[in-house]
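Student: I should like a close look at one part of this chain, namely the packing of its helices and the surroundings of that packing. Please take me through it in one connected account.

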Amino acid sequence: MITNKELIEKAKSVINPQKVAGNKLTSDVGSALITDKGSIYLGVCIDTQEGSGFCAEHNAIAAMVTGGEYKIKKIVAVWKDGTIIPPCGKCREFMWQIDKDNWNTEVIIKKDKAVKLKELLPYHWHNEE
Ligand SMILES: [Zn+2]
């Protein structure tokens, strides 16, 4: 199993800040996740003028789903200066909506601290079975 430090380095490896249309900055946050099968998926944030952009975690999760996987063992997002950023509310809910087992995903929120998704999202949206 990959260490938290190694996963953080994977997230950093895709950070590549670039100005896009409207002077918006993209790729200044990188995310890495490892699935229950041991696959690693990466993503960067994309910021756009009218708000259609998305977070680095969202991008990494989309890559995972494209790869036919749904269960996240561990995930992290890192800003361009190396700061670890806990996921926003939308990404927390997104992980839960992709697979209910992600309730136990380890989310790295600081250099030396990881918590379960269920600790970050105690009252998820619910409309089903
Ligand atoms: Zn987010």
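Tutor: A convenient point of entry is Cys-88, which touches Cys-55 and Glu-57 when residues up to four places away in sequence are not counted. The model is a predicted one, and the account that follows should be read accordingly. Cys-88 sits in the loop between β5 and α3. With a relative accessible area of 32%, Cys-88 is partly exposed, because it falls between the limits of 20% for buried and 50% for exposed. Glu-69 is 19 residues from Cys-88 along the chain, and the C-alpha atoms of the two are separated by 22 Å.

Glu-57, one of the two residues touched by Cys-88, leads to the pairing of α2 with α3. The axes of these two helices come within 10 Å and cross at roughly 15°. The angle is under 35 degrees, so α2 is roughly parallel to α3. The crossing of α2 and α3 is left-handed. On the α2 side, the contact is made by Glu-57, His-58, Ile-61, Met-64 and Val-65. The residues that α3 brings to this contact are Cys-91, Phe-94, Met-95 and Ile-98. Sorted by class, the contact comprises seven nonpolar residues, one polar and one charged. A general point about helices is useful when reading such lists: an α-helix has 3.6 residues a turn, so residues three or four places apart point the same way.

Each helix may now be taken in turn. In α2, the buried residues are Ala-56, Glu-57, His-58, Ala-60, Ile-61 and Met-64. Their cover includes α3, but also the strands β3 (29-35), β4 (40-44) and β5. Just after α2, Gly-68 takes a positive phi of about 80°.

In α3, the buried residues are Cys-91, Arg-92, Glu-93, Met-95 and Trp-96. They pack against α2, β5 and α4. Ile-98 also belongs to α3, yet Ile-98 counts as partly exposed, because its relative accessibility is 26% and the limit for buried is 20%. Apart from residues up to four places away in sequence, Ile-98 touches Ile-61, Met-64, Val-65 and Tyr-70. A contrast in position is given by Val-20, which is 78 residues from Ile-98 in sequence and 29 Å away in space, C-alpha to C-alpha.

Beneath these contacts is the question of the core. The largest nonpolar core has 15 residues, and those with the most contacts inside it are Leu-33, Ile-61, Ile-72 and Ile-75. The elements that supply two or more residues to this core are α2 (56-66), β5 (72-79), α3 (89-98), β6 (106-110) and α4 (117-120). The largest share, three residues, comes from α2. A second, separate core of eleven residues includes Leu-7, Ile-8, Ile-34 and Ile-84.

Two residues of the largest core deserve closer inspection. Ile-72 is found in strand β5, and it is buried, since its relative accessible area of 5% is under 20%. Beyond its neighbours within four places in sequence, Ile-72 is in contact with Leu-33, Ile-34, Thr-35, Ile-61, Met-64, Met-95, Asn-102 and Thr-105. One of these partners, Leu-33, is 39 residues away in sequence but 6.7 Å away in space, C-alpha to C-alpha. The second residue, Ile-75, has a list of contacts that includes Leu-7, Leu-33, Glu-57, Ile-61, Met-95, Val-107 and Ile-108, with its neighbours within four places in sequence left aside. Ile-61 and Met-95 therefore link the helix pair to the strand: both take part in the contact of α2 with α3, and both are in contact with Ile-72 and with Ile-75, where contact means heavy atoms within 4.5 Å.

Two backbone details elsewhere in the chain complete the account. Asn-23, in the loop between β1 (18-20) and β2 (24-26), has a positive phi of about 65° although it is not a glycine. Asn-23 is exposed, with a relative accessible area of 58%. Ser-27 is placed in the loop between β2 and β3 and likewise has a positive phi, near 65°, in a residue other than glycine. At 13% relative accessibility, however, Ser-27 counts as buried.

Key: Residues numbered from 1 in each chain as written. Predicted model: local features only at pLDDT ≥ 70, side-chain atom pairs only at ≥ 80, totals over all residues. Heavy atoms only, no water. Core = buried A, V, L, I, M, F, W, Y, C linked by side-chain atoms within 4.5 Å. Buried < 20%, exposed > 50% of the residue type's maximum accessible area, 1.4 Å probe, protein only. Helix = DSSP H or I, 4+ residues; strand = E, 2+ residues; numbered from the N terminus. Axes fitted to C-alpha atoms, helices over the stretch in contact; angles between N-to-C directions. Parallel < 35°, antiparallel > 145°, perpendicular 65-115°, else oblique. Left-handed = near helix turned anticlockwise from the far one by under 90°. Nonpolar A, V, L, I, M, F, W, Y, C, P; charged D, E, K, R; others polar.
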